[in-house]
Amino acid sequence: MPSLRAHGITAPLPTGFEGRIFVRTPVGGETTFPVAHFATFALPADVGDFGGGAVDRMGANDIFVALFEFGPESLGRPLFARQGLPRSLAPVDFRPYVLRRGLGGQSGTQWFFTESGRPLTLYVVLGSHARRGVLVPRVNSLLGSLDVAPVDTASVTPVPPGVPFSGGRWN
Amino acid sequence: MVALVVALGVVVLLLAVLVAGLLRSHADILKSLHDLGVGGGDPGAADADPQAPHPWPTSTRGPGDAVPVTMGPPLPPERNSTSAPTVAGVTPDGHALAVSMTGGDHLTLLAFLSSGCASCSGFWKAFHRPGELGLPDRTRLVVVTKGPDREIPAEVAAQSPRSLPVVMSTEAWDDYEVPGSPFFVLVDAAGGRRIGEGVANHIHQVVDLVRRADVDARPLGAVGHGPVAAGGLDGPERERANDAELRRAGVLPGDPSLYPASLDDLYGRSDQPGAPAPVRRTA
């Protein structure tokens, strides 16, 4: 089983999934954090953090998953009170109106939580709400093996805006 | 006189030794070829012992078959020469990236390149303008270099096109048995299998082969936009629909394009300025 590993996130990929784990280049003094994308279709080169530019390419049997990390200032906030990545979603967790982009037929779910001391959100899009009974188990096969390691704060050093990621830090 | 006879005798003796040596060498070559499974006849003992082991399955190969050549490490048992495993590795700037070869109906062109190989430089440059390559629309181009253990990421990053995925993965080179760079593998996502692979010296050669594979990989009737594609016709109705679509395209009875004399007539020459677009099947 192929596996992705970067920025403290490890993701063994079930059959049919591809993905990427990256940190966007900071622009204008912002601080960026790791983002992971997983999909059962060909991800375009440039995809928004929550699937912009990709979800409109989904077929009825496709899945898109985004794992997005927030800054450490979010730790302890009520929004991230849930501990642990949701490992087993249910078809009833998906709603057609829980979508960043409301595309007809699709369905989504979003969870905020803290895993290994890192505030994260999980956003999942199904290509077809009607096929959620078939697609959700595939989502769970991915989530069940995801691993988020604790942030090594000693290795975190600020990156000036405009300097691409050079390794050695997670955000 | 005696000296002349002796000299001739010595010369004849030397020539005899030389001929014997050549015959022995020839026999060794024939024996080696036989051991590899080519050539006719058998000077050795293998024929005498029908139970003697062969280096290949005797049920599938005969004396006239080509010799299998292994260019890389042996594949795992669950894979074969057409399997197309996911390419997973890191990007030159330290992120993680995995590209699946299944899902969808597109073609994936894997370009196995190295940062230091002279013959790769033309491809690196061409890939900076992927829109000008002339690849079919449904082609996904992915560059694969060896991993950071064999390549210097900064050198790969310096040549990497920004708009294309670049995966650094030594494992992918092993999975696809890449003999060296540049090397190209074409994968049909619909079947999840390799449909072509090989070496090329120029991007136009690759593009030409991908175009042909694209046409071949399309199901009959999938290209046209008329009733043939929509209705799944058959028999005389299908023939009439084909004729109608050809007429709409300006191809009338007797048109030279209906009688191609070569592959170039059929697919067009991509390396010539102003070359016609490839002829696509409509039925």
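The largest nonpolar core of this predicted model has 82 residues. The residues with the most contacts inside this core come from both chains: A:Phe64 and A:Val65 from chain A, and B:Val87, B:Leu110, B:Ala111, B:Val144 and B:Val167 from chain B. By element, strand S7 (residues 118–126) of chain A gives the most to the core, with six residues. The surroundings of B:Val144 were examined further. Residues up to four places away in sequence aside, B:Val144 touches B:Val87, B:Leu110, B:Ala111 and B:Val167, each of them also listed among the core residues with the most contacts. B:Phe112, B:Ser169 and B:Ala172 are likewise touched by B:Val144.

Chain B has eight helices and seven strands. Of its 283 residues, 27% are buried. Among contacts in chain B with a separation of 6 or more, 62% link residues 24 or more positions apart.

The contact between the chains takes 21 residues from chain A and 19 residues from chain B. On the side of chain B that touches chain A, two elements give two or more residues: strand S1 (87–90) and strand S2 (96–99) of chain B. S2(B) gives the most, with four residues. By class, this side of chain B has eight nonpolar, nine polar and two charged residues. Strand pairing also crosses between the chains. Strand S3 (residues 18–23) of chain A pairs with S2(B) in the antiparallel sense, over three bridges. Within this pairing, A:Gly19 has B:Ala98 of S2(B) as its bridge partner.

Chain A holds an open sheet of three strands in the order S1-S2-S8, with antiparallel pairing. Strand S1 (3–6) and strand S8 (147–148) of chain A stand at the edges. Each has a single partner strand, so one side of each is left without a neighbour in the sheet. Strand S2 (residues 9–12) of chain A and S8(A) run antiparallel and are joined by two bridges. A:Val148 of S8(A) is the bridge partner of A:Ile9.

Helix H1 (residues 132–143) of chain A comprises 12 residues. At 1.5 Å a residue, H1(A) should span 16 Å; its end C-alpha atoms are 16 Å apart, so the expected span and the model agree. The buried residues of H1(A) are A:Arg132, A:Leu135, A:Val136, A:Val139 and A:Leu142. They cover an arc of only 110 degrees around the axis, which puts them on the same side of H1(A). An α-helix has 3.6 residues a turn, so residues three or four places apart point the same way. On the other side of H1(A), A:Gly133 and A:Pro137 are exposed. The buried residues of H1(A) pack against four strands of chain A: S4, S5, strand S6 (107–115) and S7.

A:Asp62 lies in the loop between strand S4 (34–39) and strand S5 (63–69) of chain A. A:Asp62 counts as buried because it has 24 C-beta neighbours inside 10 Å, where 20 or more are required. Leaving out residues up to four places away in sequence, A:Asp62 touches A:Ala39, A:Thr40, A:Phe41 and A:Gly127. The C-alpha atoms of A:Asp62 and A:Leu135 are separated by 7.8 Å, although these residues are 73 residues apart along the chain. A:Leu135 is one of the buried residues of H1(A).

How values were computed
Residues numbered from 1 in each chain as written. Chains lettered and ligands numbered in written order. Predicted model: local features only at pLDDT ≥ 70, side-chain atom pairs only at ≥ 80, totals over all residues. Contact = placed C-beta atoms within 7 Å. Nonpolar A, V, L, I, M, F, W, Y, C, P; charged D, E, K, R; others polar. Pairing = 2+ DSSP bridges. Core = buried A, V, L, I, M, F, W, Y, C linked by C-beta atoms within 7 Å. Buried ≥ 20, exposed ≤ 12 C-beta atoms within 10 Å, placed from the backbone. Expected span 1.5 Å × (residues − 1). Arc of directions from axis to C-beta.
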